[in-house]
Structure formats: C-alpha cells, structure tokens
Amino acid sequence: MITDQPRILLGYYEAIGHVSQVMLQAAMRGDWKAFEHAQSCCEELVRCLQETGITLDSLDDSGRRRRMEIMRQLLSDDARIRHLAQPSFQRLDVLLAGRRLSEFEKRAY
C-alpha cells in the first residue's frame, strides 16, 4: 500500500532546511530577533515531525539520499551560525589552527 508518509516526512525535512537557511541569513545580518523567531519555527517543525510518528523506514533510497543532503546542509548551517553567534570561538579556532600549523612546520624541518 502506497502512502503519503515519505512525502510528509521529506516535506518536514525540507521545511526545516528552509528555516535553517532563514536562521543563517538572519545571523549573517546580525538580526537576532529574526533569528530567534526562525529558531522557534524550526523547533516547532521538529516537534511536529516527531509527533507524526513516521519512521525513516518509509523512505526509499532516493528519499534517504535527499534526507541526508538536507541533514548535511543543516549541520553546515549550524556550524556557520555558531561561528557568527560566538565570535570568540572563531578567535580560538584561529589560535588553534595557528598552533597546529606551527607544530606541523617544526616537524617538517
């Protein structure tokens, strides 16, 4: 029996992916009020997705691939947002990267 479960499930993932992009754009503008609003929307979509009870087993190979594409984009968006929201982590990354580079250079010679 064919159901709409895969379409519903991927629809939620697509919507969450879209809102993640809205969150990233708001963070890039420094519009934290818009960011918080989008974040609330995202949380609501995740809650609704969980309440459907639809499992990943309902997806075919193509659906699973699309879901993974969306999940990768979500992780990328999240990392970029964290860097924008917490600039001190950026400075730490630069310091650590510099240290690793200098350690590598020492070993190379």
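**Figure 1. Met 28 at the surface of the predicted model.** Met 28 is partly exposed, with 45% relative accessible area, in this predicted model. Met 28 belongs to helix H1, which covers residues 5-29. Together with Trp 32 and Leu 84, Met 28 makes a nonpolar surface patch of about 260 Å².

**Figure 2. The whole chain, for orientation.** Welcome to the overview: the protein chain has 4 helices and 0 strands, and from the N terminus its elements run α-α-α-α. Of the 109 residues in the chain, 22% are buried. The chain exposes about 8100 Å², and carbon and sulfur atoms supply 56% of that area. Among contacts between residues at least 6 apart in sequence, 74% join residues at least 24 apart.

**Figure 3. Inside the largest nonpolar core.** Nonpolar side chains tend to be buried together in soluble globular proteins. Here, the largest nonpolar core holds 18 residues, and those touching the most other members are Leu 9, Met 23, Phe 35 and Ile 81. Helices H1, H2 (32-52) and H3 (61-85) each supply at least two residues of this core. H1 gives the most, with 9 residues. A good place to zoom in is Met 23: beyond its neighbours within four places in sequence, Met 23 is in contact with Phe 35, Ala 38, Gln 39, Cys 42 and Ile 81.

**Figure 4. Ser 20, a buried residue of H1.** Ser 20 lies in helix H1 and is buried, at 5% relative accessible area. Not counting residues up to four places away in sequence, Ser 20 touches Leu 74, Asp 77 and Ile 81. Ile 81 is also among the contacts of Met 23.

**Figure 5. Cys 42 and its closest cysteine.** Why does Cys 42 not bond to the closest cysteine sulfur? That sulfur belongs to Cys 41 and is 8.6 Å away from the sulfur of Cys 42, too far for a bond. A search of the whole structure finds 0 disulfides. Cys 42 counts as buried, at 15% relative accessibility.

**Figure 6. A salt bridge between H1 and H3.** Side chains of opposite charge can pair when their charged atoms come close. Glu 14 forms a salt bridge with Arg 66, and their closest N and O atoms are 2.7 Å apart. Glu 14 lies in helix H1 and Arg 66 in helix H3, so this pair ties together parts that are 52 residues apart in sequence. Both partners are partly exposed: Glu 14 has 35% relative accessibility, and Arg 66 has a relative accessible area of 31%. Look for Glu 69 as well, since Glu 14, Arg 66 and Glu 69 are linked in a network of salt bridges.

**Figure 7. A salt bridge within H2.** Glu 51 pairs with Arg 47 in a salt bridge, with the closest N and O atoms 2.5 Å apart. Both residues lie in helix H2, 4 residues apart, about one turn of the helix. Glu 51 is exposed, with a relative accessible area of 56%, whereas Arg 47 counts as partly exposed, at 35%.

**Figure 8. Arg 82 and its surroundings.** Arg 82 lies in helix H3 and is partly exposed, with a relative accessible area of 48%. The side chains of Arg 82 and Asp 78 meet in a salt bridge of 2.8 Å, N to O. Asp 78 is also in H3, 4 residues from Arg 82, about one turn of the helix. Asp 78 is partly exposed, at 34% relative accessible area. Turning to the backbone, the C-alpha atoms of Arg 82 and Leu 24 are separated by 9.5 Å, although the two residues are 58 apart along the chain.

Terms used. Residues are numbered from 1 along each chain as its sequence is written. This is a predicted model: local features need pLDDT of at least 70, side-chain atom pairs count only at pLDDT 80 or more; totals for chains, interfaces and linings use all residues. Side-chain values use heavy atoms; hydrogens and water are left out. Patches are made of residues with over 30% relative accessible area and no salt bridge: like charges are joined within 9 Å, nonpolar side chains (Val, Leu, Ile, Met, Phe, Trp, Tyr) within 5 Å. Accessible areas come from the Shrake-Rupley method with a 1.4 Å probe; for residues, only the protein chains shown count as cover. A salt bridge is a side-chain nitrogen of Lys or Arg within 4 Å of a carboxyl oxygen of Asp or Glu. Buried means under 20% relative accessible area, exposed over 50%, partly exposed in between (1.4 Å probe, protein chains only). A nonpolar core is a set of buried Ala, Val, Leu, Ile, Met, Phe, Trp, Tyr and Cys residues joined through side-chain atoms within 4.5 Å. Contact means heavy atoms within 4.5 Å. A disulfide is a pair of cysteine sulfur atoms within 2.5 Å.
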